[in-house]
Every structure is written in structure tokens, then in C-alpha cells.
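Here's a quick briefing to help you find your way around a structure you haven't met before. Have a look at the picture, then work through the points below.

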Amino acid sequence: MTAASRDDERWMAAAIVQARVAERAGDVPVGAVVVRSGKIIAQADNRAVQLVDPTAHAEMLAIREAASALAERRLQGCTLYVTLEPCAMCAGAIVLARLDRLVFGAYDDKAGMVGSVGDLVRHPKLNHRAEVLGGVLAAECGALLSQFFRGRRESSRSDP
């Protein structure tokens with residue numbers, strides 16, 4: 001695994017901005033951006049709660065937006081930056097979209113499918129494997145999630 005570049009940190013910071021959008025809307029703070037040729041072509045925040053849609057993860061929304069913006073179903077030449085290690089659904093979408101590269105922030109020991117629980121993105125039997133870099137700005141990405149869930153637990157304890 002390679003070390004994060006300044007560009008990786010720059011684009012992850014943009015994903016963190018999207019995660020904060022999700023948090024302000026009451027959704028789990030996960031954000032994603034898709035970058036091609038040094039430009040953001042798509043960005044999204046987690047909207048599963050807002051849209052009452054379990055598939056409205058930031059990665060899924062960003063991939064859809066990128067495919068639409070490029071009018072291409074295969075996102076070759078693109079990198080997805082996401083603040084949390086993708087789940088199985090999102091990892092599958094990364095493979096199907098043929099993204100060249102995935103960069104994520106915090107690891108997800110309970111549902112992460114890019115090394116933590118399993119590794120769908122680099123599975124040897126699949127016909128596409130993305131390059132992966134995990135742990136970029138992990139402390140900041142993880143802190144957003146920890147604070148969000150801590151706040152939820154505290155508010156549920158104070159509710160009558």
C-alpha cells in the first residue's frame with residue numbers, strides 16, 4: 001500500500017465537507033467525491049435517512065452522479081474518495097463501475113468490505129480490482145462518526 005499524497009488528503013478533505021453536510025441533515029456523516037484528471041466530477045453525502053432509502057450511501061450517490069456527468073457507466077480514470085471504508089453494497093458498485101482507485105478514511109470493523117470484514121474490491125475472482133488506499137485522514141473521519149453516534153446514544157438516554 002502506498003502513502004497518501006497531498007492530493008489524496010486534499011480530496012479526502014472535500015469528502016469530509018460532504019460528511020458534515022450529511023451530519024447537519026441528521027444522517028450518518030459519510031461523504032464521497034469522485035475525481036478525474038484533478039477535478040471533482042461528483043460529490044455526495046450520505047442520505048439514507050433523509051431519503052428513507054437504505055441504498056442512498058454517499059458512495060452510491062457519488063458513483064451515480066459521476067456516471068451521469070460523464071455519460072459513462074464505467075468510471076475508468078476516476079478515483080473515489082470516501083470518509084468510511086465501503087460496505088458490501090458500495091464495494092460491489094465500485095467494482096461494477098470499474099473505478100481505478102479507491103481512497104477511504106476510517107476503517108469500519110463491523111461492515112467494511114475493503115479489508116476489515118472482507119475484501120470485495122480486490123477479490124481475485126472478480127474481473128476488476130481497484131487500487132486501494134485506506135486510512136487517509138482516518139482520525140478526522142473517525143472522529144466525525146464517533147461524535148455522531150455518541151450524540152445519538154446520549155440523546156436516546158435523555159429521551160423519556
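When two residues are said to touch here, they have heavy atoms within 4.5 Å of each other. Keep in mind that this is a predicted model. We'll start with the whole protein, then zoom in on a few spots.

**The whole protein**

- You'll find 4 helices and 5 strands in the protein.
- Going along the sequence, these elements come in the pattern α-β-β-α-β-α-β-β-α.
- The radius of gyration is 15 Å, which agrees with the value near 15 Å that a compact globule of 160 residues would have.
- Lined up on the principal axes, the box filled by the C-alpha atoms is roughly 50 × 30 × 30 Å.
- Of the 160 residues, 46% are buried.
- Take the contacts with a separation of 6 or more: 59% of them are between residues 24 or more positions apart.

**Surface and charge**

- The protein's accessible surface is about 8100 Å².
- Carbon and sulfur atoms account for 52% of that surface.
- There are 20 positive side chains and 19 negative ones.
- The centres of those two sets of charges are 3 Å apart.

**Asp45, in a strand**

- Look for Asp45 in strand S2, which covers residues 39-45.
- Is Asp45 buried or exposed? Its relative accessible area is just 3%, so Asp45 counts as buried, given that the cut-off for buried is under 20%.
- The side chain of Asp45 has a polar contact with the side chain of Arg47, at 3.1 Å.
- Setting aside residues up to four places away in sequence, Asp45 touches Gln18, Val21, Ala22, Val30, Gly31, Gln50, Ala58 and Leu61.

**Arg152, in a helix**

- Arg152 sits in helix H4, made up of residues 138-158.
- Its relative accessibility is 38%, so Arg152 is classed as partly exposed.
- Which residues does Arg152 contact, apart from its neighbours within four places in sequence? They are Gly26 and Val49.
- Gly26 is 126 residues away from Arg152 along the chain, yet their C-alpha atoms are separated by 10.0 Å.

**Helix H3 and what covers it**

- Helix H3 spans residues 88-96, and its buried residues include Cys90, Ala91, Gly92, Ala93, Ile94 and Val95.
- What covers the buried residues of H3? Among the elements doing so are helix H2 (58-70), strand S3 (78-84) and strand S4 (101-106).

**Two residues with a positive phi**

- As background, most residues other than glycine have a negative phi.
- Ala71 goes the other way: it isn't a glycine, but its phi is positive, at about 55°.
- You can spot Ala71 in the loop between H2 and S3.
- Ala71 has a relative accessibility of 70%, so it counts as exposed.
- Arg98 also isn't a glycine, and its phi is positive too, near 60°.
- Where is Arg98? It lies in the loop between H3 and S4, just after H3.
- With a relative accessibility of 15%, Arg98 counts as buried.

Definitions and conventions:
Residues are numbered from 1 along each chain as its sequence is written. This is a predicted model: local features need pLDDT of at least 70, side-chain atom pairs count only at pLDDT 80 or more; totals for chains, interfaces and linings use all residues. Side-chain values use heavy atoms; hydrogens and water are left out. Helices (H or I, at least four residues) and strands (E, at least two) are DSSP runs, numbered from the N terminus. The radius of gyration is taken over C-alpha atoms; the globule rule is 2.2 Å times the number of residues to the power 0.38. Buried means under 20% relative accessible area, exposed over 50%, partly exposed in between (1.4 Å probe, protein chains only). Accessible areas come from the Shrake-Rupley method with a 1.4 Å probe; for residues, only the protein chains shown count as cover. Lys and Arg count as positive and Asp and Glu as negative; His and the chain ends are not counted. The place of a charge is taken as NZ of Lys, CZ of Arg, CG of Asp or CD of Glu. A polar contact is a pair of N or O atoms within 3.5 Å; within protein, one must be able to donate a hydrogen and the other to accept it, and residues adjacent in sequence count only if both atoms are side-chain atoms.
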